[in-house]
Amino acid sequence: MKRLFLSLACLGFASVVYSAPIEFVGTIVADTTLNVPSDFATIQDALSYLSDKSIADEVNVTIQVADGTYSDYALVEVTHKDSDKIKLIGNTTNCNLCVLNFAAGQGGIYIRGRRLGYLDGFKLVGTDTVGTHGIYARDNGAIYCGPNICVESFDSGFWAEHSSSLRVNGCRASSCVIGFLSSYCSSMYAQSCKSWSNSKGYFASSGATINGSNSSSSNNIVGYIAWGSSSMNLEGAIARNNSSVGFQASLGSSIGLSSNSISSGNTSYGIFASRGSIVYAASATITNNAVNYSPSLGTTGNQNSLITN
């Protein structure tokens with residue numbers, strides 16, 4: 001790949017986006033695009049190329065993946081020390097045109113202890129749902145996702161674990177064990193997301209939080225569950241036609257709804273609180289469930305739990 005080496009006097013003028021890296025002593029000093037598959041066969045190949053290079057401040061490297069369906073993809077692991085300046089981009093208008101089909105046993109996109117600058121424009125499809133994760137940040141990791149990402153057929157679609165953060169507003173998860181998972185003191189911003197045909201739509205566990213305002217969860221087993229001292233902000237959220245519970249808080253957890261939240265058509269409960277938990281129903285629409293409230297609205301039950309307006 002062609003490289004241009006600049007003198008120090010030129011560095012202040014390197015403001016144009018180049019298709020080939022502009023480097024100075026191993027540092028990329030201008031915005032750069034690496035194309036997959038025309039320049040590199042896979043995203044991981046492009047990341048490997050960057051591994052011995054630094055990225056200057058206020059410079060971004062974009063790995064741009066062309067439209068297509070890519071088969072037998074292996075785990076994409078982001079380990080670059082300047083990963084916050086790296087963007088992974090597919091088709092940001094229609095993610096169904098840029099599909100990554102992952103091989104058996106392979107997870108999707110993974111970061112640990114670092115922050116990925118931006119991710120958008122992909123449909124990620126797993127082969128099995130045991131121990132695989134579509135988009136996964138752990139151990140103080142973070143990923144900022146755009147709204148054009150769809151994940152299906154993984155163990156977890158989106159997972160933030162161990163004090164990590166995922167911003168996945170507008171994304172979608174289907175046919176996973178858990179669509180959106182935040183655990184062990186992590187945070188997830190899942191506003192306006194959609195989750196369907198999973199076992200659990202959204203799951204905050206072990207001191208974690210999920211902001212799922214204006215999201216939806218349908219045709220799962222459980223729509224939303226906060227468990228183990230966790231909390232969920234679900235203003236305007238809709239839980240509909242799940243085969244068990246719409247909104248569930250358990251083991252010292254809390255859920256906050258709003259007047260435009262809806263739980264309807266769920267086979268067991270519209271809202272279920274247990275083991276020292278509380279749900280702030282805020283006059284949400286809770287109708288046409290087998291049991292709308294457990295315990296009954298405004299009463300304490302299920303091991304000192306409460307659902308209140």
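This report describes two open sheets and selected strand pairs in a predicted model.

Residues are numbered from 1 along each chain as its sequence is written, and side-chain values use heavy atoms, with hydrogens and water left out. In this predicted model, local features need pLDDT of at least 70 and side-chain atom pairs count only at pLDDT 80 or more, while totals for chains, interfaces and linings use all residues.

Strands are DSSP runs (E, at least two residues), numbered from the N terminus. Two strands pair if DSSP finds at least two bridges between them.

One open sheet has ten strands in the order β8-β11-β14-β17-β20-β23-β26-β29-β32-β35, and the pairing is parallel. At its edges lie β8 (76-78) and β35 (291-294), each of which pairs on one side only. The twist from one strand to the next averages 10°, with axes being lines fitted to C-alpha atoms and angles running from 0 to 180 degrees between N-to-C directions. Within the pair β17 and β20, F158 stands opposite F180 in β20.

A further open sheet, also of ten strands, follows the order β7-β10-β13-β16-β19-β22-β25-β28-β31-β34 with parallel pairing. Its edge strands, β7 (68-73) and β34 (285-287), each pair on one side only. On average, neighbouring strands of this sheet are turned by 10° against each other, direction ignored. Here W196 has S218 in β25 as its bridge partner.

The strand pairs that hold these residues are listed below.

| Strand | Partner strand | Sense and bridges |
|---|---|---|
| β17 (residues 156-161) | β20 (residues 178-183) | parallel, five bridges |
| β22 (residues 194-196) | β25 (residues 216-218) | parallel, three bridges |

Terms used
Helices (H or I, at least four residues) and strands (E, at least two) are DSSP runs, numbered from the N terminus.
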